Amino acid sequence: MTTKSVLDRATTNTELDGASADIGLLLIRVVFGALLVAHGTQKLFGWFWGYGWNANAAMFDGMGYNPGKFFGTLAGLSEITGGVLLALGLFTPLAGAIVLGTMINAINVTWGPGLFGQGGWETPLLFAVVGTGFAFIGAGRYSLDHGRPWQRQGLMVGAAMVVLGVVAAVVTLVFKWIL
């Protein structure tokens with residue numbers, strides 16, 4: 001086997017090679033979306049060993065998000081909505097903006113211990129980056145967005161969704177600080 005034959009095989013672009021990127025996007029979307037849904041249901045319903053709505057509301061009050069019931073519910077619903085939309089590949093750029101806005105607030109809360117400290121902001125940063133990535137690249141072929149009139153992706157759509165997510169996060173933080 002020569003170097004040339006290895007390179008030729010590595011750069012072939014068959015129908016199956018094109019599908020592999022879409023399969024990869026599907027796997028990432030479904031697992032990532034399911035994890036977000038699980039986090040949201042922990043907050044709202046106490047599923048998956050979560051605290052549930054009342055304890056979550058008290059926790060949000062303790063973090064300075066007053067009223068805790070409103071902000072805790074908003075966080076849980078944002079995680080569930082963003083996760084479901086990503087898992088389905090539906091309105092994917094908007095789902096990315098929802099995840100980004102939610103995770104900016106999570107980063108704000110976990111800032112103290114540092115990036116890698118116990119309870120640090122490594123996981124919210126990772127979630128924010130993955131959500132933002134989907135805002136730019138879209139959901140792929142195996143999604144409910146694919147081929148639909150509302151399907152959007154690309155630099156301008158991604159940038160607009162980053163702006164939307166950041167603005168939503170800042171508005172939430174402003175309300176946190178003034179209420």
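A residue is called buried here when its relative accessible area is under 20%. By that criterion, 37% of the 179 residues in the chain of this predicted model are buried.

The overall architecture is pleasantly simple to describe. Seven helices and zero strands make up the secondary structure of the chain, giving the pattern α-α-α-α-α-α-α when read along the sequence. Where residues at least 6 apart in sequence are in contact, 64% of those contacts join residues at least 24 apart. The chain exposes about 10,100 Å², and carbon and sulfur atoms supply 73% of that area.

Helix α5 offers a good place for a closer look. This helix covers residues 92-109, 18 residues in total. From its first C-alpha to its last, α5 reaches 26 Å, close to the 26 Å expected at 1.5 Å a residue. The buried residues of α5 include T92, P93, A95, G96, A97 and V99 in its earlier part of the list, followed by L100, G101, T102, M103, N105 and I107.

Of these, N105 can be followed in more detail. N105 lies in helix α5 and has a relative accessible area of 9%. Because that value is under the 20% cut-off, N105 counts as buried. Leaving aside residues up to four places away in sequence, N105 touches Y65, A169, T172 and L173. In summary, N105 is a buried residue of helix α5, in contact with Y65 as well as with A169, T172 and L173.

Note on methods. Residues numbered from 1 in each chain as written. Predicted model: local features only at pLDDT ≥ 70, side-chain atom pairs only at ≥ 80, totals over all residues. Heavy atoms only, no water. Helix = DSSP H or I, 4+ residues; strand = E, 2+ residues; numbered from the N terminus. Buried < 20%, exposed > 50% of the residue type's maximum accessible area, 1.4 Å probe, protein only. Contact = heavy atoms within 4.5 Å. Areas by Shrake-Rupley, 256 points an atom, 1.4 Å probe, with all protein chains shown as cover. Expected span 1.5 Å × (residues − 1).
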